[in-house]
Amino acid sequence: MDNQWYKTAVIYELYIKAFQDSSRDGRGDFAGLTSRLDYLKDLGIDCIWMLPTYPSPGRDDGYDVMDYNSINPEYGSLRDFIVFLDEAHKRGIKVLIELVLNHTSDRHPWFVEAKKGPQSKFHDYYVWSDTSDKYSKARVIFTDSEQSNWAWCAECQKYYWHRFYYHQPDLNFDNPAVREEMKKIISFWLDLGVDGFRADAVPYLFEREGTNCENLAETHDYLKELRKMIDDNYKDRVLLAEANQWPEDLLPYFGSGDEFHMAFNFPLMPRMFMALKQEHHGPIVDIINRMPKIPDSCQWVIFLRNHDELTLEMCTDEERDYMYSQYAYDAQMKINVGIRRRLAPLVENDRRKIELLYALLFTLPGSPVIYYGDEIGMGDNIYLGDRNGVRTPMQWDENKNSGFSDCKPSMLYAPVITDPEYNYNAVNVNAQLANPHSLLNFVKKMISARKLYNNSLIFGCGEIIFLYPENKKILVFIRRYKDDVVLCSFNLSDTPQPVAIDLKEYEGYEPIEIFGNTKFPSIGALPYLLTHSPYGCYLFYLKKHR
Ligand code: GLC
């Protein structure tokens with residue numbers, strides 16, 4: 001299993017800018033992050049996924065890259081990055097960085113040159129047209145800010161193609177030089193020792209007339225080429241795909257085990273929130289049953305929240321309307337096709353619901369992602385514009401600037417959260433470390449429970465078998481890896497619920513409750529009865545009687 005570490009990994013997603021400032025300039029940096037590695041080690045995570053750290057004008061929070069081969073000086077130097085990487089590795093923590101393939105910033109020297117016209121060798125690095133009506137079947141992604149995927153360049157009197165902000169021109173992957181540039185960039189970071197990449201916006205690399213310009217065969221061929229290049233030259237490095245797509249379109253990103261090692265399960269995410277509101281197991285069961293079987297060496301990556309909006313792109317119109325009505329009752333909470341809120345505010349800071357969602361995250365198939373701050377139930381600020389409301393400074397303690405930075409408060413890149421319910425005075429790491437019943441300690445407990453009894457393998461690699469109790473408010477499934485079996489049962493409702501589970505297949509097994517190591521009555525021929533408290537969950541290891 002050693003070279004498949006990603007299959008059992010717990011991933012922690014963070015913004016370097018938001019984590020810890022050591023230089024008192026109001027922004028986080030590598031030295032700061034390095035000083036907080038012991039916290040992450042103690043939390044029990046296996047891998048850090050770091051949001052972009054490249055030099056950038058920061059108009060899309062670093063996804064607008066100006067230089068792929070260095071570190072944004074605001075965050076430190078390349079040397080600081082290497083020290084951080086070594087220190088993470090010393091603690092057994094892997095590091096994934098961002099690979100922004102699809103586009104650059106319009107301030108990237110390639111684009112600055114490209115704009116000069118066809119005589120520039122960089123002109124063909126981007127996608128140009130004399131008209132703005134090519135590729136008209138491609139949807140606009142940032143619907144709140146862009147009307148078209150074409151923008152006019154006054155300098156070279158042509159339109160250029162962009163799938164995201166107008167200041168993020170798409171690279172032209174039909175140009176072999178672009179394809180080679182990306183390979184060089186990948187090698188640069190792998191040579192420095194990173195463990196892999198979260199590859200941004202991969203469905204959109206190529207454009208073809210008459211298609212929606214997503215998931216094209218050419219795109220998959222190129223991604224396979226990148227994978228081969230990595231496998232041929234490096235050991236144990238991984239690629240994680242950001243492809244916000246329906247289940248059937250996600251499968252090709254795994255190829256036959258020769259494209260991505262991992263891909264986010266975008267369709268599952270909103271359905272966990274849906275199931276909770278509807279108090280019905282249907283949305284979760286249906287989508288997981290619809291997920292295609294992926295090659296053995298591959299893995300889903302599952303998440304509750306991330307740095308973007310809670311995207312509702314992989315929902316039907318009806319589901320989307322429902323999600324907006326339930327989770328974005330204030331128009332300010334909406335952005336593009338989604339909801340810009342953190343985990344705790346989404347569920348009205350109901351600790352029972354947060355714990356239930358975490359229990360789902362840690363037991364459903366895939367490697368779970370924790371978004372920084374959500375382990376302590378941080379709040380958000382929906383008035384900060386774009387998706388910045390979920391990107392505020394990490395809340396470490398009750399001191400000035402929440403212990404994030406010693407700068408003047410007005411210098412902070414974003415204000416810390418001070419609204420009464422989520423005020424950093426109370427919602428912070430220090431306070432929660434000191435309280436055995438805090439959310440932070442619950443999350444730690446979940447992570448270690450996952451690792452018990454070979455559980456990382458059960459949850460990381462085991463199959464999932466849904467059981468269908470008559471009471472639809474209860475979600476029940478078995479996770480099974482070889483001889484290890486875990487029974488998971490969740491009450492998705494606000495009231496106590498009984499459930500009768502058909503466990504005939506496990507007659508004679510003894511359920512051991514995972515958190516308390518408590519023996520429950522053995523399973524007999526009749527349905528197994530459980531009584532759930534509101535939003536309660538049970539995890540039982542099923543021990544075979546010898
Ligand atoms: C991805 C990122 C998002 C970014 C976009 C454009 O979707 O997650 O934050 O804005 O790509 O790079």
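In this predicted model, an oxygen atom of the ligand lies 2.5 Å from an N or O atom in the side chain of D308. Around that contact, the protein covers 96% of the 310 Å² of accessible area that the ligand has on its own.

Two further polar approaches to the ligand may be considered. A polar side-chain atom of H103 is placed 2.8 Å from an oxygen atom of the ligand, and for R198 a polar side-chain atom is found 3.0 Å from a ligand oxygen. With a cut-off of 3.5 Å between N or O atoms, these pairs can be read as polar contacts.

The wider surroundings of the ligand comprise 13 residues, and the closest include H103 and D308 together with D60, D200 and E242. By class, this shell has seven charged, three polar and three nonpolar residues. As for its location, the ligand sits in the largest cavity.

The sequence annotation gives a broader frame. In an unreviewed entry, UniProt places the feature "domain: Glycosyl hydrolase family 13 catalytic" at residues 13-406. This span is 31% helix and 13% strand, and its end C-alpha atoms lie 24 Å apart.

How values were computed
Residues are numbered from 1 along each chain as its sequence is written. This is a predicted model: local features need pLDDT of at least 70, side-chain atom pairs count only at pLDDT 80 or more; totals for chains, interfaces and linings use all residues. Side-chain values use heavy atoms; hydrogens and water are left out. UniProt positions are given in the numbering used here, feature names are shortened, and annotations may be inferred rather than shown by experiment. Helices (H or I, at least four residues) and strands (E, at least two) are DSSP runs, numbered from the N terminus. A residue is near a molecule or strand if one of its heavy atoms lies within 4 Å of it. A polar contact is a pair of N or O atoms within 3.5 Å; within protein, one must be able to donate a hydrogen and the other to accept it, and residues adjacent in sequence count only if both atoms are side-chain atoms. Accessible areas come from the Shrake-Rupley method with a 1.4 Å probe; for residues, only the protein chains shown count as cover. On a 1 Å grid over the protein atoms alone, a cavity is a set of points where a 1.4 Å probe fits but cannot get out, and a pocket is an open set with protein on both sides within 12 Å along at least five of seven lines; lining residues have an atom within 4 Å of a point. A molecule sits in a cavity or pocket if more than half of its atoms lie within 2 Å of its grid points. Ala, Val, Leu, Ile, Met, Phe, Trp, Tyr, Cys and Pro count as nonpolar, Asp, Glu, Lys and Arg as charged, and the others, Gly among them, as polar.
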